[in-house]
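Here is a model to look at together. A request for a close look at one part comes first, and a connected answer follows.

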Amino acid sequence: MESQVRGGTRWKRFAVVMVPSVAATACIGIALAQGALAASFSVSGQSFKVTADQLVGTGFSQYGAIDQGYTLKGDKTAHPVAVSAFKTAKITNMCQSVVTPDVPFLGSVSLTLKAGGGGTPVRAENLYIDVEDLSANATFTNIDIGVAAKDASKGPGIAKGDQANPYGFAQQADKAVLTDVKQTAWATTAGTFKLSGLKMSLSKGVKECY
């Protein structure tokens with residue numbers, strides 16, 4: 001699907017080709033919940049991977065933004081992201097992994113976090129996910145594609161501090177059900193984040209959720 005961005009800056013063009021399946025950027029990074037601030041903080045030089053069997057969210061919206069941050073060498077950089085926002089979300093069988101390369105004497109070290117298994121899902125409110133890559137199956141209820149970001153009222157709104165064009169492309173839905181989610185993200189924030197059955201492990205080498 002293609003359309004034209006009206007009133008957006010050039011870097012916003014990446015958002016033009018979003019379709020409902022791409023809107024399924026709603027898995028979460030449990031180590032980075034900062035409390036409803038979205039990308040107002042500088043992101044680290046490491047993206048992270050997340051998988052989930054299912055996410056059921058209400059009050060969904062998605063818009064384009066820029067995350068400012070650093071490389072692992074400390075240089076300033078920026079990442080175009082698709083911000084997916086939910087008023088509420090339940091996530092089943094979630095896995096997050098982040099790999100730190102070039103650790104002295106160890107090489108790469110992988111951190112893995114798992115939660116939401118055993119029949120009790122992860123629960124979040126006012127959830128924002130800043131994603132650069134996503135694959136999933138998605139079903140949306142009452143979806144609107146192509147609304148101005150500032151008018152995407154079904155979701156929690158543009159996050160405070162986000163570098164987003166309020167007149168740029170956005171989409172929204174009353175409800176979203178996402179399955180078999182795989183994503184790479186730069187940041188995740190939430191007003192509340194309840195992690196059932198949280199387990200963390202560190203290991204040598206590259207061991208990612210996918």
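The conversation below starts from one strand and works outward to its surroundings.

Biologist: Could you take me through strand β2 (76-103) in detail? I would like to know which strands are joined to β2 by bridges, which residues of the largest nonpolar core have the most contacts inside it, and where the partners in the disulfide lie along the chain.

Modeller: Happy to! This is a predicted model, so local features are described only at pLDDT of at least 70 and side-chain atom pairs only at pLDDT 80 or more, while totals for chains, interfaces and linings use all residues. Residues are numbered from 1 along each chain as its sequence is written, and side-chain values use heavy atoms, with hydrogens and water left out.

A word on confidence before we zoom in. pLDDT is the predictor's confidence in each residue, on a scale from 0 to 100. The average for the protein is 85, and 81% of the residues score at least 70. Residues 1-39 are a stretch to treat with care, since their pLDDT stays under 50. Where pLDDT is low, the predicted coordinates should not be read in detail.

Now the setting of your strand. The protein has 0 helices and 8 strands; these elements are DSSP runs, numbered from the N terminus, with at least four residues for a helix (H or I) and at least two for a strand (E). Contacts here are heavy atoms within 4.5 Å. Of the contacts between residues at least 6 apart in sequence, 82% join residues at least 24 apart.

On to the neighbours of β2. Strands pair if DSSP finds at least two bridges between them. β1 (48-70) runs antiparallel to β2 and is joined to β2 by 20 bridges. The two form a hairpin with 5 residues between them, and G74 in that turn has a positive phi of about 95°. β3 (residues 107-115) is also an antiparallel partner of β2, over 8 bridges. Here too there is a hairpin, with 3 residues between the strands, and F105 takes a positive phi near 70°. Most residues other than glycine have a negative phi, so a positive value is worth a look. The third partner to mention is β4 (122-141), which is antiparallel to β2 and joined to β2 by 9 bridges.

Individual residues help to place these pairings. I91 is a good one to click on: L55 stands opposite I91, and V122 in β4 is the bridge partner of I91 as well. Further along, S97 stands opposite T112 in β3.

I91 also leads us inside. The largest nonpolar core has 26 residues, and I91 is listed with F86, L127 and L178 as having the most contacts inside it. Such a core is a set of buried Ala, Val, Leu, Ile, Met, Phe, Trp, Tyr and Cys residues joined through side-chain atoms within 4.5 Å. Buried means under 20% relative accessible area, exposed means over 50%, and partly exposed lies in between (1.4 Å probe, protein chains only). The elements giving two or more residues to this core are β1, β2, β4 and β6 (169-189), and β4 supplies the largest share, with 8 residues. There is also a second, separate core of 14 residues, which includes V43, V81, A149 and A170. In soluble globular proteins, nonpolar side chains tend to be buried together. Across the protein, 44% of the 210 residues are buried.

A polar residue across the hairpin rounds out this picture. S61 is in β1, and it is buried because its relative accessible area is 2%. Among the residues that S61 touches are V83, S84 and A85, along with Q171 and Q172.

Finally, the disulfide, meaning a pair of cysteine sulfur atoms within 2.5 Å. The whole structure holds 1 disulfide: C95 and C209, whose sulfur atoms are 2.0 Å apart. The torsion about the S-S bond is about -80°, so this disulfide is left-handed. C95 sits in β2 and C209 in the segment after β8, so the pair links distant parts of the chain, 114 residues apart. Both C95 and C209 are buried.

Notes:
Lists of a residue's contacts leave out its neighbours within four places in sequence.
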